[in-house]
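Let's walk through this protein together, starting in the middle of a sheet and working outwards. Please keep the structure open beside the text as you read.

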Amino acid sequence: MRLSVLDQSTIVSGRTPDEAVQETLALARHCEALGYGRYWLAEHHNSASQADAAPEILIAAIAATTARIRVGSAGVMLPHYSSLKVAEQFRMLEAIAPGRIDLGLGRAPGSDGRTAYALNPNAGTAADEFPAQVRDLLAWVSGERLAEGHPFRDVRAQPAGPSVPEAWILGSSDYGAQVAAHFGLPYCFAHFITDGQGAAEALDLYRTRYQPSARHPAPHAAIAVWALAADTTEEAAHLLTSRALWRLGRDRGVYTALPTPAEAEGYPYTPAELARIERFRTTALWGSGADLMQRIERLAADLGAAEVAVLTTVADSVARQRSYTLLAEAAGLRPANVASAVERVAPGAP
């Protein structure tokens, strides 16, 4: 099972969004050194919770300061954009880091409705064009001509090159699973969004309807999970309080900065909220490194997932790095030799 990282550039209470971006850059280098396979960046807009509104720019920054780890989007919310422009961006990224770029695509807005219209005045119908956008994007990013009769058939996405970004479809329903199956692409189910609801059904549908492609003759499934490891169960429980309180807000449609454990412990919970938090504690993936890794491996095996991308959101950046370290050790990842990457980092880079 391949182990990777999903990062939302989480904004923490009392800290600024630009600090969240700096923490992302540092965590990427840390996780490369630990031996993780991929580092994926989420896209959110007009958010008080997540700072990364332009994953393609963060991908470039991370790719330029690392040497081995694959770097990609999880994902580009394609209905906001022109397929050609996204293809050009990721062709450029592929030129910067050949053979290391992942192009994860999603249909959700990653924002509220008003912001979706600010990004694309045709937001009301744009999502309906998602399959056609994926079709055109795959051709452009691969250097192939668009379908016969297409008005943009002779348009090329530059810069051309010998390698191609690896395209993925990301989703939390069976819609994305069907799109991935139709185009013969890898598929990642966002387990952390639904707490696993619908995961088995979507992944089974993906495998059943899969149409082999030249690059991917067989289906390739992954899941993205929220998980937290600490040196002791007590410390993990303490760190978990931030996520638990944030989830109470998310489930009401309120997206705030991630509270600190002190703020979470001082919050005046109602009995109903305490009951919801206890249910969250029971189902969430958290604990010591070895025990947590076993749970993640069982979950991946039950769902038939070949890869797991781990999202960890805690208020303490040191504790977050430690969580990824503990998981890497428990998974038996081999630390990477990244000396060459360190040498390439510009003076003063974070």
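Strand 6 (residues 187-190) and strand 7 run parallel, and four bridges join them. To find the pairing in your viewer, look for Cys188, which stands opposite Ala222 in strand 7. Keep in mind from here on that this is a predicted model.

Strand 7 has further partners. Five bridges link strand 7 to strand 9 (residues 307-311), again in parallel, and here Ala224 stands opposite Ala309 of strand 9. Strand 8 (residues 285-288) also runs parallel to strand 7, with four bridges between them; Ala230 stands opposite Ser288 in that pairing.

How many residues of strand 7 are buried? Ten of the ten residues in 221-230 are, so this strand is largely enclosed by the rest of the structure. It helps to think about the two faces separately. In a regular strand, side chains alternate between the two faces of the sheet. On one side of strand 7 you will find Ala221, Ile223, Val225, Ala227 and Ala229, and on the other Ala222, Ala224, Trp226, Leu228 and Ala230. Every one of these is buried, which leaves both faces covered.

Strand 4 offers a second example. Its residues, 101-106, are six of six buried, so strand 4 too is largely enclosed by the rest of the structure. Ile101, Leu103 and Leu105 point one way from strand 4, whereas Asp102, Gly104 and Gly106 point the other way, and all are buried. Strand 3 (residues 70-77) runs parallel to strand 4 and is joined to it by five bridges. Within this pair, Met77 has Gly106 of strand 4 as its bridge partner.

Now for the nonpolar interior. The largest nonpolar core holds 68 residues, and those with the most contacts inside it are Tyr36, Tyr39, Phe90, Ile169, Tyr187 and Ile223. Helix 6 (residues 130-142) contributes the largest share of this core, with seven residues. Apart from this core lies another, of 30 residues, including Ala236, Leu240, Leu245 and Val314.

Tyr36 is a good residue to click on. Setting aside neighbours within four places in sequence, Tyr36 is in contact with Leu3, Ser4 and Val5, with Cys31, with Arg68 and Ile69, and with Tyr324, Leu327, Ala328 and Leu333.

Zooming out, the protein has 15 helices and nine strands. Its C-alpha trace spans about 60 × 45 × 40 Å along the principal axes. Why does the radius of gyration of 20 Å agree with a compact globule? With 350 residues, such a globule would have a value near 20 Å, so the two agree. Buried residues account for 51% of the 350. Looking at contacts between residues at least 6 apart in sequence, 74% join residues at least 24 apart. The protein exposes about 15,200 Å², and carbon and sulfur atoms supply 55% of that area.

Finally, a word on confidence. The mean pLDDT of the protein is 93, and 96% of its residues reach 70 or more. The exception to mark in your viewer is residues 338-350, where pLDDT stays under 50. For that stretch the model has 15 contacts beyond four places in sequence. Where pLDDT is low, the predicted coordinates should not be read in detail.

Methods: Residues numbered from 1 in each chain as written. Predicted model: local features only at pLDDT ≥ 70, side-chain atom pairs only at ≥ 80, totals over all residues. Heavy atoms only, no water. Core = buried A, V, L, I, M, F, W, Y, C linked by side-chain atoms within 4.5 Å. Buried < 20%, exposed > 50% of the residue type's maximum accessible area, 1.4 Å probe, protein only. Helix = DSSP H or I, 4+ residues; strand = E, 2+ residues; numbered from the N terminus. Contact = heavy atoms within 4.5 Å. Pairing = 2+ DSSP bridges. pLDDT = per-residue confidence, 0-100. Rg over C-alpha atoms; globule rule 2.2 N^0.38 Å. Areas by Shrake-Rupley, 256 points an atom, 1.4 Å probe, with all protein chains shown as cover.
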